[in-house]
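User: I am new to this structure and would like to go through its empty spaces. Could we start with a pocket?

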Amino acid sequence: MYSKPLNPAESRKPIQWKHPDFYNEEKLEQEMRRVFDVCHGCRACFNLCESFPTLFSLVDQSPTQELDSVPSSEFKKVADDCTLCDMCYMSSCPYVPPHSLNIDFPHMILRYRAQSEQKENNSQIAPPNSPGADDNAAAVPFFWPHAKEKQHVLPETSTALAFSPIPKAHQMLTKTDMLAKISSIMPSLVNKLVEQRSFFRQILHNANLIHKNAILPSYVSKSKTLMAQAFRRQKDLST
């Protein structure tokens, strides 16, 4: 009988970002439909970020009330609502590795966003064999960041995403554990600062950090205690 590991991070599989299918739109759509179908049937994460209520509403309001009648163009709404907090993977989802269903919702959203960014970069470069295109661009192999071997790139593939520097502020926003720890010291003040109509949110919006209409999670002083309770409940269920 399968039981969820006490520390799901230990059994988590790395993102296969160098796999040929990673940027394949058709393969990604198949994976998103597979994962969304499992989430639709389970709904254990209904009370986490807005991604799951958005997904469930799309399914429930579709003609057949099944995922097969939800157009793929609507998946962007689900991906945009994900804050990559990892709570679904770490505390709620019963189907994380080593379960045979192998559900990793945050990693799938990262793949979707990487593919969207890559597509945007590709649209900004000259297509092969067009005026201004560099016919020899793909002939020179190069190193992807953190890669140990040289990678050959197809002429229609942009490398701008791989080599564009990530601003320090954007790097900080990805450290959700650190932000939660700091914000839980004075949660009322932080919640007031980041509410949608605040002047501080307008500053973040103008700096291209966080959209002014984005829904952010609220912080509480007992966030660490709540996380510990969630892990204890999961432990009790698995014993």
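Analyst: The lining of the second largest pocket divides into 7 nonpolar, 4 polar and 6 charged residues. Here Ala, Val, Leu, Ile, Met, Phe, Trp, Tyr, Cys and Pro count as nonpolar, Asp, Glu, Lys and Arg as charged, and the others, Gly among them, as polar. The model is predicted: local features need pLDDT of at least 70, side-chain atom pairs count only at pLDDT 80 or more, and totals for chains, interfaces and linings use all residues. Residues are numbered from 1 along each chain as its sequence is written, and side-chain values use heavy atoms, with hydrogens and water left out.

User: How much space lies in the second largest pocket?

Analyst: About 430 Å³, where a volume is the space filled by probe spheres set on grid points joined across faces, edges and corners. On a 1 Å grid over the protein atoms alone, a pocket is an open set of points with protein on both sides within 12 Å along at least five of seven lines, a cavity is a set where a 1.4 Å probe fits but cannot get out, and lining residues have an atom within 4 Å of a point.

User: Which residues are closest to the centre of that pocket?

Analyst: P14, Q16, E31, H107 and R111, out of 17 that line the pocket.

User: And how many cavities of 30 Å³ or more are there?

Analyst: There are 2. The largest has a volume of about 110 Å³, and C39, C45, F52, C93 and I103 lie nearest its centre.

User: What lines the second largest cavity?

Analyst: Its lining includes L48, F52, M87 and P106.
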